[in-house]
Amino acid sequence: MIQKIGPRELSAQVLAAPVTEEDFDFETTDTLDEMNDWFGQGRSVDAIRMAATIAHSDFNAFVLGTPGSGRHTITKAILSDTAKQAPCPSDWVYVNNFETPHKPNAIELPPGGANRLRAAMETMIDELANDIPARFESEDYQTRRRAIEEEVSSSHEEAMSEVFENARARKVAILRTPMGFTFAGLHDDEVMSQEQYEALSEEERKLLEEAIEETQKELSAVLRAVPKQEKEQRRQLEELNYSLASQGVDEAISDVKEAFVQDQAVQNFLEAVREDLIENAELFLKREDGAEAGPFPVATTKHYAKPQFQRYTVNVMVAHDADDTGAPVVKEDLPTLANLIGRIEYASQMGALVTNFTMIKPGALHRANGGYLILDALEVLTEPLAWDALKRCLRAGEISIYSPGDRLNLISTVSLDPDPVPLRTRVILIGERLHYYLLSALDPDFMHLFKLEADFNDEMPLESDAKEGYARLIATLARRAGTPALDVGAVVRLFGESIRATSDTERLTLNTSHVSDIIKEAGFWAVKRDASRIEAEDIDKVIAERERRAGRLRELSQQMILRDTVMIDTDGRRAGQLNALSVMQIGGFMFGRPSRLTARTRPGTGKLIDIEREAELGGPLHSKGMLILQGYLAATYATKVPMSLWASLVFEQSYGGVDGDSASAAELIALLSSLADAPIDQSFAITGSVNQFGDIQPIGGVNEKIEGFFDICAERGLTGRQGVLIPASNVKNLCLRDRVIEAVKDGQFHLIPLHTVNDGLEVLTGIESGQRGKDGAYPEDSLNRRVEDCLTEFADIRKTFVTEARHDRASEHP
């Protein structure tokens with residue numbers, strides 16, 4: 001026989017999700033079309049599409065919502081679709097700045113141009129490495145070089161011969177010594193000896209000395225002309241070398257110039273390369289002998305890779321194929337400063353750090369230039385200097401590369417200052433709502449740079465036309481996960497879990513990650529039992545296994561109650577004692593547990609002691625609930641006399657913090673029970689907050705709270721009397737497990753909605769609460785009359801005590 005507690009008791013029909021198999025006309029999700037649009041997210045999808053297509057550069061977007069709502073997947077899909085219709089962006093390269101090497105030049109090229117320019121430069125260097133040595137080793141060059149050298153040499157020899165002939169005519173001998181030239185007289189074409197010189201007369205000696213002096217002057221003049229002749233020789237050789245190198249370089253570079261005739265920046269670069277190649281043609285004349293030369297013939301050697309030719313390299317930053325279409329969509333998972341704006345690498349040489357333009361590396365902004373960059377807001381904000389660098393680039397409209405060391409002056413070494421690259425990227429930040437609101441409030445640049453917000457819905461209304469669409473969403477998630485199809489029973493069960501995730505029977509969750517995970521786990525259990533499709537029992541298995549995996553602490557908590565370590569009564573009656581309900585969350589698992597709430601009262605000065613607050617265990621919301629309780633008590637009972645109550649309230653065996661106002665209704669009822677000396681039926685638990693008018697207000701976690709008390713009662717044995725009192729406004733949040741629903745259906749457990757405190761008093765005490773009559777008094781024997789009488793009696797006791805105290809003091813001091 002089904003036992004009814006009261007006329008307002010809830011039936012089993014309102015405790016489950018309002019979705020049945022009759023709502024659908026399919027057997028399995030195989031027959032449902034895939035969901036091509038983004039179900040339930042129309043507002044955010046429109047915002048992302050606007051960000052993807054609007055021309056203005058400062059309309060970047062922030063995508064906000066809870067994790068699991070599909071923000072990343074939907075954002076990337078929308079941007080990818082839009083990017084297909086966009087033109088392919090430009091290529092970018094860095095090349096050497098021959099005038100100021102520490103400031104490399106950035107060059108923009110059409111798609112495919114970067115790789116073509118690099119290949120053309122490599123081919124040109126390889127050709128010159130073979131052509132220039134061949135030109136300088138050719139017979140024509142050697143003949144022309146010998147002619148220049150012989151011309152200078154013969155001119156010098158003729159001058160020296162003339163000097164020697166003139167000296168001989170003057171009878172002077174020119175002798176070569178290790179120290180240079182020396183002079184002596186001649187006698188019969190022989191060098192004059194000392195005796196012969198001493199035998200000369202004074203006049204003959206004077207004439208010989210004059211001849212020697214004249215010869216010295218002629219020889220000095222010839223020798224002084226040698227450097228000029230050598231300089232002229234070098235000039236002629238340089239002209240010859242320049243002419244020969246110019247011919248080779250011009251022939252090699254002409255093909256590259258023709259290939260990029262429309263690009264003035266490349267033409268300027270090639271002209272600078274031409275001048276440098278001609279001036280440094282000796283770079284191509286270095287020979288590699290022995291093992292260093294390598295096993296391949298010279299014609300196949302990659303000369304462009306040699307260190308001396310690095311100055312002519314093209315450093316490709318961003319490259320596309322010539323036939324590429326569409327803009328890039330880049331998602332940077334590790335947005336460090338270097339990964340965002342690029343970096344300049346260094347190499348250690350002889351204990352020093354050196355770098356050059358070939359060691360400039362691109363960042364995500366370079367790769368996404370001309371397209372879209374997706375970043376996780378929290379990742380950017382937590383990386384040092386990354387957020388500041390991103391804002392600087394967006395404000396300036398260009399990508400400037402620098403390192404943290406340069407910014408903070410941590411290192412002193414030769415560095416580069418590359419040309420900034422113009423930025424044409426749309427940045428999409430993805431984060432939680434808290435990140436968006438904090439940035440809006442604290443960063444003055446944020447709203448100027450990110451003008452669009454795409455706020456993802458967490459849930460959607462459960463309407464008749466939404467059921468079919470949500471079923472298609474479930475089918476789509478199953479196909480993408482590669483699981484078996486779901487039959488209609490499994491879909492109904494999944495609707496229940498979706499509703500339970502929102503704690504609202506009128507809404508469905510849009511946390512697709514949560515739904516997808518259930519489908520994947522159900523697919524695992526279906527395959528394990530060799531089933532071809534997912535059925536309702538597989539969804540039930542998923543839920544049971546999840547609760548089992550995460551339920552260790554819940555089981556320990558229940559065991560402490562069942563073993564009477566934590567004292568909770570589920571039968572009997574007692575004044576001032578009540579079972580309150582709370583929710584504990586450990587990780588992603590929530591469960592409810594009952595707590596014993598007690599109240600003690602006596603005459604006093606109107607002080608209501610919250611022991612939790614006095615012990616500094618109560619939070620601000622709990623304290624607020626207590627103050628509301630005091631307001632209700634003072635304004636409802638014995639309003640014509642001073643509040644003369646002393647009362648204490650406490651959660652027994654509670655050794656941790658307490659917060660929230662969901663127990664304020666229980667606290668008020670326990671207090672009134674104590675004042676009226678009306679025992680409370682311990683078969684019940686209650687949850688709900690109260691306002692100053694005694695109305696019961698909704699609370700959170702109602703399903704977990706009911707199930708937590710039910711499990712304790714079920715373990716001890718259901719008596720048919722037990723149940724939970726909940727706010728009437730929480731009825732729409734009920735989506736209970738089958739074990740509770742079956743017990744309610746069998747009359748073994750009861751759920752009673754409350755609108756006011758009086759409703760709860762009547763159910764828990766079995767005494768009519770009573771309403772004030774026309775005379776302003778509560779009915780005799782009503783619970784409210786007993787409360788008011790008690791408070792009036794407390795006031796009389798207080799008055800008598802005060803009067804006697806004054807009389808005693810007057811007697812002591814006449």
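Colleague: Which strands does helix 21 lie across, and at what angle does helix 21 run to strand 23?
Modeller: Keep in mind that this is a predicted model. Helix 21, residues 620-636, lies across strand 23 and strand 24 (645-651). Its direction relative to strand 23 is about 155°.

Colleague: What is the strand order in the open sheet?
Modeller: Seven strands make up this open sheet, and their pairing is mixed. From one strand to the next, the twist averages 30°. Reading across, the order is 23-24-22-21-26-29-30.

Colleague: And which strands stand at the edges?
Modeller: Look for strands with a single partner strand, because one side of each is then left without a neighbour in the sheet. That picks out strand 23 (607-610) and strand 30 (750-754).

Colleague: Which residue is the bridge partner of V724 in strand 30?
Modeller: Strand 29, residues 723-727, pairs with strand 30 in the parallel sense. Five bridges connect the two. V724 has as its bridge partner in strand 30 the residue L751.

Colleague: How many bridges join strand 21 to strand 22, and which residue in the hairpin takes a positive phi?
Modeller: Strand 21 (residues 577-586) and strand 22 (residues 589-603) run antiparallel, joined by 10 bridges. One of the pairs is S582 with R593 in strand 22. The hairpin has two residues between the strands, and the positive phi, near 65°, belongs to G587.

Colleague: What stands opposite A599 in strand 24?
Modeller: Strand 22 and strand 24 run antiparallel, with seven bridges joining them. Opposite A599, strand 24 places L649.

Colleague: Which helix gives the most to the largest nonpolar core?
Modeller: That core has 46 residues, and L672, L675 and V757 touch the most other members. The top contribution is nine residues, and it comes from helix 22 (residues 664-676). Apart from this core lies another one of 38 residues, including F24, L462, V515 and I519. So the name you want, going by the nine residues, is helix 22.Colleague: Which residues does L675 contact, leaving aside neighbours within four places in sequence?
Modeller: L675 is one of the residues touching the most other members of the 46-residue core. Its contacts are T601, L633, L645, R786, V787, C790, L791 and F794.

Colleague: How far apart are the axes of helix 16 and helix 17?
Modeller: L494, E497 and A501 in helix 16 meet H514, V515, I518 and I519 in helix 17. By class, that contact has five nonpolar, one polar and one charged residues. The crossing is right-handed. The helices pack at an angle of about 145°, and the axes are apart by 11 Å.

Colleague: Is R500 buried or exposed?
Modeller: R500 sits in helix 16. Among its contacts beyond four places in sequence are N703, E704, E707 and C735. Its relative accessibility is 10%, under the 20% cut-off, so R500 counts as buried.

Colleague: What separates the C-alpha atoms of Y436 and E453?
Modeller: Y436 is in helix 13, residues 433-442, and counts as buried at 7% relative accessibility. Not counting residues up to four places away, Y436 touches F62, L64, F446, M447 and E453. Y436 and E453 are 17 residues apart along the chain, and their C-alpha atoms are separated by 8.7 Å.

Conventions
Residues are numbered from 1 along each chain as its sequence is written. This is a predicted model: local features need pLDDT of at least 70, side-chain atom pairs count only at pLDDT 80 or more; totals for chains, interfaces and linings use all residues. Side-chain values use heavy atoms; hydrogens and water are left out. A nonpolar core is a set of buried Ala, Val, Leu, Ile, Met, Phe, Trp, Tyr and Cys residues joined through side-chain atoms within 4.5 Å. Buried means under 20% relative accessible area, exposed over 50%, partly exposed in between (1.4 Å probe, protein chains only). Helices (H or I, at least four residues) and strands (E, at least two) are DSSP runs, numbered from the N terminus. Contact means heavy atoms within 4.5 Å. Axes are lines fitted to C-alpha atoms, for helices over the stretch in contact, and angles run from 0 to 180 degrees between N-to-C directions. A crossing is left-handed if the near helix is turned anticlockwise from the far one by less than a right angle, and right-handed if clockwise. Ala, Val, Leu, Ile, Met, Phe, Trp, Tyr, Cys and Pro count as nonpolar, Asp, Glu, Lys and Arg as charged, and the others, Gly among them, as polar. Two strands pair if DSSP finds at least two bridges between them.
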